[in-house]
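Visitor: I should like to take a close look at a single part of this structure. Please show me the whole before we begin.

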Amino acid sequence: MNRDRMLNRLRGCYVTVPTQFHDADLELNLPAIRRHVEFLLAGGIREGTGILLAGGAAGDFSTMTLAERFQVAETVVKAADGKVPVTIGAQTTSTRELCELARGAQRLGADFIQVSPPFYFGHTEEDFFEFAAAASEAAPEVGLIVYNTYWTSLGVSASLIGRLVEIPNLVGLKWATPDPVWMTFEDALVKYSGRLGIIDNQSRFVTSHMLGARAIELHICNHWPQFGVRLWQLLEAKQYEEAQREMVRVLQPYMQLWAEMEKYTSGDGYLDKLCMELVGLDSSRCRPPTRDVRVRFREQARQMLLGCGTPNVAPG
């Protein structure tokens with residue numbers, strides 16, 4: 001694996017591709033996923049401005065079989081056609097399954113896999129180190145991105161990052177922290193942004209970019225990729241005040257609506273899909289147990305999109 005090349009490709013908007021289903025039976029709708037990747041490419045999400053994540057949380061990984069996860073991954077890799085890097089979501093509770101996902105990602109030609117500490121049990125740091133090391137050994141040509149999912153599993157500490165960076169193909173850290181008071185978010189950026197491609201998963205894009213982050217998690221791209229590209233260009237140009245104002249104008253209303261929807265159901269990707277539907281793209285509900293949000297929140301989402309100046313919003 002060429003580590004420098006991997007780091008150079010890990011740059012821009014980190015876009016979780018929603019997994020789409022046929023509403024009648026909730027089976028995979030692979031042609032719709034392919035069309036969505038083509039939409040993202042046409043909107044400017046390319047190498048240097050973005051990375052696609054297939055089968056992440058907003059991609060319904062938790063409701064799919066292993067075979068379905070590979071089908072989705074293959075669809076996204078083929079549609080991306082080398083024009084934009086692709087990450088395969090590899091969250092799981094099983095080291096054996098993790099290694100199978102890692103080998104599958106390497107076989108399919110994906111650039112990265114995203115690995116989180118296993119959930120359900122309260123695993124230790126040593127458990128997770130061995131977990132990540134097993135994925136590295138299973139797929140040495142794929143870059144590993146560690147995702148700090150502290151809300152469902154072991155939180156990744158700064159000292160643990162210091163050990164994980166010794167894994168040969170560990171190239172990325174998708175980063176958020178639960179406690180902003182002690183500046184643990186900034187601490188990891190200061191210590192490790194020179195060695196890892198850090199992806200801001202906390203919507204603190206100006207701060208993280210100033211401290212060396214290479215990418216930003218941005219759901220907005222799924223219905224308005226041009227906005228994401230423009231925001232990334234502002235950050236790269238160090239036009240930080242304008243970037244922050246754009247975040248308040250567009251991202252803040254989106255996140256506020258998402259927070260309200262979390263009181264109705266849980267999961268991920270449901271607001272992405274509703275916004276995609278409202279701008280005329282292929283869409284679907286998420287699989288249960290996440291409930292269908294489309295009727296209940298359609299008008300609120302439509303008004304939010306209009307208020308942000310989103311193009312191509314459907315009439316009420």
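Visitor: Which residues does Leu 164 touch, not counting residues up to four places away in sequence?

Guide: This is a predicted model, in which local features need pLDDT of at least 70, side-chain atom pairs count only at pLDDT 80 or more, and totals for chains, interfaces and linings use all residues. Residues are numbered from 1 along each chain as its sequence is written, and side-chain values use heavy atoms, with hydrogens and water left out. Leaving aside residues up to four places away in sequence, Leu 164 touches Phe 128, Phe 129, Ala 132, Val 146, Val 156 and Leu 170; contact here means heavy atoms within 4.5 Å.

Leu 164 lies in helix H6, residues 158-164; helices are DSSP runs (H or I, at least four residues), numbered from the N terminus. Leu 164 is buried, with a relative accessible area of 2%, where buried means under 20%, exposed over 50% and partly exposed in between, using a 1.4 Å probe and protein chains only.

The surroundings of Leu 164 belong to a wider picture. Leu 164 is among the residues that touch the most other members of the largest nonpolar core, together with Leu 52, Ile 113 and Leu 218, and this core holds 98 residues. Helix H10 (residues 240-261) gives the most to this core, with nine residues. A nonpolar core is a set of buried Ala, Val, Leu, Ile, Met, Phe, Trp, Tyr and Cys residues joined through side-chain atoms within 4.5 Å. A second, separate core of eleven residues includes Met 6, Ile 51, Phe 112 and Ile 199.

Finally, the C-alpha atoms of Leu 164 and Asp 25 are separated by 42 Å, and these two residues are 139 residues apart along the chain.

Definitions and conventions. Helix = DSSP H or I, 4+ residues; strand = E, 2+ residues; numbered from the N terminus.
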